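The following exercises concern helix packing and nonpolar cores. Please work through each task before reading its solution.

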Amino acid sequence: MELLGTILQLLGSLAFLLYGMKMMSDGIQKSAGAGLQKALGFMTGNRFTGFITGFLLTIIIQSSGATTAMEVSFVNAGLMTLQQSVGVTLGANIGTTITAWIVVLFGFSFSIAAFAIPIFGLGYFFYSSKKMKKGPLGQAIMGFGMLFIGLSWLSSTISPEKGTLNFLTQFGDMGALSVLIGVVVGIIITALIHSSSAESAIVITMAYNHLVNWEFAAALVIGSNIGSTIDAIMAAMNSSANAKRTALIHVLFNIATVVLACIFFTPLLNLIDHLVPGSPTEKITWHIATLHTVLKTITSILCLPFTRQIAALATALIKDNKEGLAPKTYTLEFSETGGKENAASYIIRAEKEIQDMTLLVTRMFEGVAAGFKDRSEAFIANHMEELTDQEDFADQMKEQLTKYIINCSRLPLSLQQKDSLSIMQLIVDDLEEMTDDCYNVALLLQKSVKKNMTFAQEDMDRLDPYLDLARQIMYFIRDNINKHLDHDKLLIAKEIESQIDVFRHNLKKVARKKLEAGADVKTELLYIDLVRQIEKFGDRAYSIAGALSQL
């Protein structure tokens, strides 16, 4: 029972540590909100701005995994090139070492545990006060307090007096085998808890309590580099070839870091001994934190000049997606990354999919427009099957995107981001209905061909400017999708939509007069249906413009 109690206390302490880190990261993300998403634009600069952005962003949100997931989303959305992503990866690898320094400076230099509970209470005050409107800040402070409560409990649980992990001491004097065991254990622990930062905190705590010596602690920290790549791998699942290459670069870089560190293990440790005043026995926590930072800094700086070559290697290893017909099945999975979910990266992915859906509407409209120019059996043969597949694909997109947006709404979001997700859902609904409108027009054209209905040339000519107006507002939406529309731009959309309404009124008026004059009833009613469907298309486009004005 005593052993079981110790194990549960160990797991509970670790849970407090991990949850505290997550709360702190989530609170910071909520506080930054859309501002953080805009700041990510620096990622798309050159290798140096990407490097600095990856470094600073990881320091701020306390998670290289979240930065990597965001980076993969940027590449997948086409907002960042593969080469630019290399710089971000290198910067994030250095930024993630800040947590080890926080633990060293605050966790062991003085008794932070005595202040952890008051800090948590202060955070809760901010979190629960509706008047102050500082909930996200309060959540971050509460996470900071929980982190050190967990660290204090962890330290007391694994103390030598309790003998919980005393068996680890035997791995410190086995030479090269100790290094190998330490690296493997470091990989496994980091992969399981999805955090190299948390693994470093655990190693520092064990070393502080004399459970592991300097060499074995160093091996554990080195191994965490490979274990931390699990977040990049999960983020790249079901993504584009370039997104997978981005994750591969992260994996290859970290593997290379571990291999080099193992080859030059003794010189590396000697370097740290020279950099840190005091012996490893006296300053073990400082030695571990310095090793974590120096190792990643050296390898990142060495690789930074070769971003182009690294990107080329990843491109050679992962081939482009096979060209051919567009897939008939749409999938959009919400890939969770072990508590490293970053709202900005998921929202960016949703925006990319909405942009693709807008392009699908555009292709469908142009396919239907061809039917007005060539209303014949050739149109049916060349376009109807494709239009049917596209309309079905759009239905799938709506279903999958709706689920994705609902999952996004459960992430740490600012109020502005929550509003943006609601607007996205409205846009997705309108886009899908626009594909229905296109398909309905195609069915009407098909019906007119099969029934041998004859329209006067002047009636078809009247539809040309009407279709052109629908095309104008469609391309207006395509060019501005996911962007905020100011008042002047919204007026442009309103003017086009008003002209569509005027044309619709005049065209229906002409058709009714022809009916009164004895024209074929079925032909004129079908003509009126065509006019009505195109007008609905324009209305939905204007509805999207209205939604964009609220972003």
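**Exercise 1.** Determine how H9 and H10 are oriented to each other, and which residues meet.

*Solution.* Step 1: in this predicted model, helix H9 (residues 176-193) and helix H10 (residues 196-208) pack at an angle of about 125°, and their axes lie 8 Å apart. Helices here are DSSP runs (H or I, at least four residues), numbered from the N terminus.

Step 2: angles under 35 degrees count as roughly parallel, over 145 as roughly antiparallel, 65 to 115 as roughly perpendicular and the rest as oblique. H9 and H10 are therefore oblique to each other.

Step 3: on the H9 side, Gly186, Ile189, Thr190 and Ile193 meet Ser196, Ala198, Glu199 and Ile202 of H10, contact being heavy atoms within 4.5 Å. These contact residues comprise four nonpolar, three polar and one charged.

**Exercise 2.** Identify the residues with the most contacts inside the largest nonpolar core, and the helix that gives the most to this core.

*Solution.* Step 1: a nonpolar core is a set of buried (under 20% relative accessible area, 1.4 Å probe, protein chains only) Ala, Val, Leu, Ile, Met, Phe, Trp, Tyr and Cys residues joined through side-chain atoms within 4.5 Å.

Step 2: the largest such core has 73 residues, and Phe372 and Ile427 have the most contacts inside it.

Step 3: helices supplying at least two residues each include H17 (343-373) and H22 (521-548). H19 gives the most, with 14 residues.

Step 4: beyond its neighbours within four places in sequence, Ile427 is in contact with Ile354, Ile481, Ile544, Ala547 and Leu548.

**Note.** Residues are numbered from 1 along each chain as its sequence is written. Local features need pLDDT of at least 70, side-chain atom pairs count only at pLDDT 80 or more, and totals for chains, interfaces and linings use all residues, while side-chain values use heavy atoms, with hydrogens and water left out.

Terms used. Axes are lines fitted to C-alpha atoms, for helices over the stretch in contact, and angles run from 0 to 180 degrees between N-to-C directions. Ala, Val, Leu, Ile, Met, Phe, Trp, Tyr, Cys and Pro count as nonpolar, Asp, Glu, Lys and Arg as charged, and the others, Gly among them, as polar. Buried means under 20% relative accessible area, exposed over 50%, partly exposed in between (1.4 Å probe, protein chains only).
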